[in-house]
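Subject: Structure for you to look at, with notes

Dear colleague,

I am passing on a structure that I would like you to open and read alongside these notes. Please keep it on the screen while you go through them.

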Amino acid sequence: MSEALKAGVYRYLAREAPFSGEERDVVLLRRLDALLDDAGDLVGLRVDLPLVGRPLPTVTGSGWPRGWVWSPR
């Protein structure tokens with residue numbers, strides 16, 4: 001769940017498909033809703049640990065693995 005959320009947010013911040021169009025906010029919210037619906041049955045299995053707030057890192061075009069192509073939009 002957390003990896004799927006993180007991947008979606010990074011793609012959104014980088015304006016990668018399907019988050020590159022004018023409706024990117026709507027697409028993100030729909031995908032997050034779908035993930036939360038899919039994970040609804042996991043609520044009883046979670047461990048009650050305190051949440052740790054961390055800021056998201058800055059997403060830039062530098063540091064991409066070799067062979068990957070990054071083009072600013």
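How far apart should the ends of H1 be, at 1.5 Å a residue, and how far apart are its end C-alpha atoms? Before the answer, please bear in mind that this is a predicted model. With 12 residues, H1 should span 16 Å, because the expected span is 1.5 Å times one less than the number of residues. The end C-alpha atoms of H1 are 16 Å apart, so the model agrees with that expectation.

Next, the way the two helices lie together. Helix H1, which covers residues 2-13, packs with helix H2, which covers residues 24-38, at an angle of about 180°, and their axes are 11 Å apart. Since angles over 145 degrees count as roughly antiparallel, H1 is therefore roughly antiparallel to H2. On the side of H1 the contact is made by Ala4, Leu5, Gly8, Arg11 and Tyr12, while H2 contributes Arg24, Asp25, Leu28, Arg31, Leu32 and Leu35. Sorted by class, the residues of this contact are 6 nonpolar, 1 polar and 4 charged.

One residue of that contact deserves a slower look. Is Arg24 buried or exposed? Arg24, which lies in helix H2, has a relative accessible area of 11%, and because a value under 20% counts as buried, Arg24 is buried. If its neighbours within four places in sequence are left aside, Arg24 is in contact with Tyr12, Arg15 and Phe19. The side chain of Arg24 reaches the backbone oxygen of Tyr12 at 2.5 Å. You can also find Leu13, which is 11 residues from Arg24 along the chain, with the C-alpha atoms of the two separated by 10.0 Å.

Finally, the loop between H1 and H2, where two details of the backbone can be checked. Arg15, which has its place in this loop, follows H1 and has a positive phi, near 60°, and this is a positive value in a residue other than glycine. Arg15 has a relative accessible area of 40%, which means that Arg15 is partly exposed. Pro18 also lies in the loop between H1 and H2, and the peptide bond that joins Ala17 and Pro18 is cis, with omega about 10°.

When you have found each of these places for yourself, please send me any questions.

With best wishes

How values were computed. Residues numbered from 1 in each chain as written. Predicted model: local features only at pLDDT ≥ 70, side-chain atom pairs only at ≥ 80, totals over all residues. Heavy atoms only, no water. Axes fitted to C-alpha atoms, helices over the stretch in contact; angles between N-to-C directions. Helix = DSSP H or I, 4+ residues; strand = E, 2+ residues; numbered from the N terminus. Parallel < 35°, antiparallel > 145°, perpendicular 65-115°, else oblique. Contact = heavy atoms within 4.5 Å. Nonpolar A, V, L, I, M, F, W, Y, C, P; charged D, E, K, R; others polar. Buried < 20%, exposed > 50% of the residue type's maximum accessible area, 1.4 Å probe, protein only. Polar contact = N/O pair within 3.5 Å; in protein donor to acceptor, adjacent residues only side chain to side chain.
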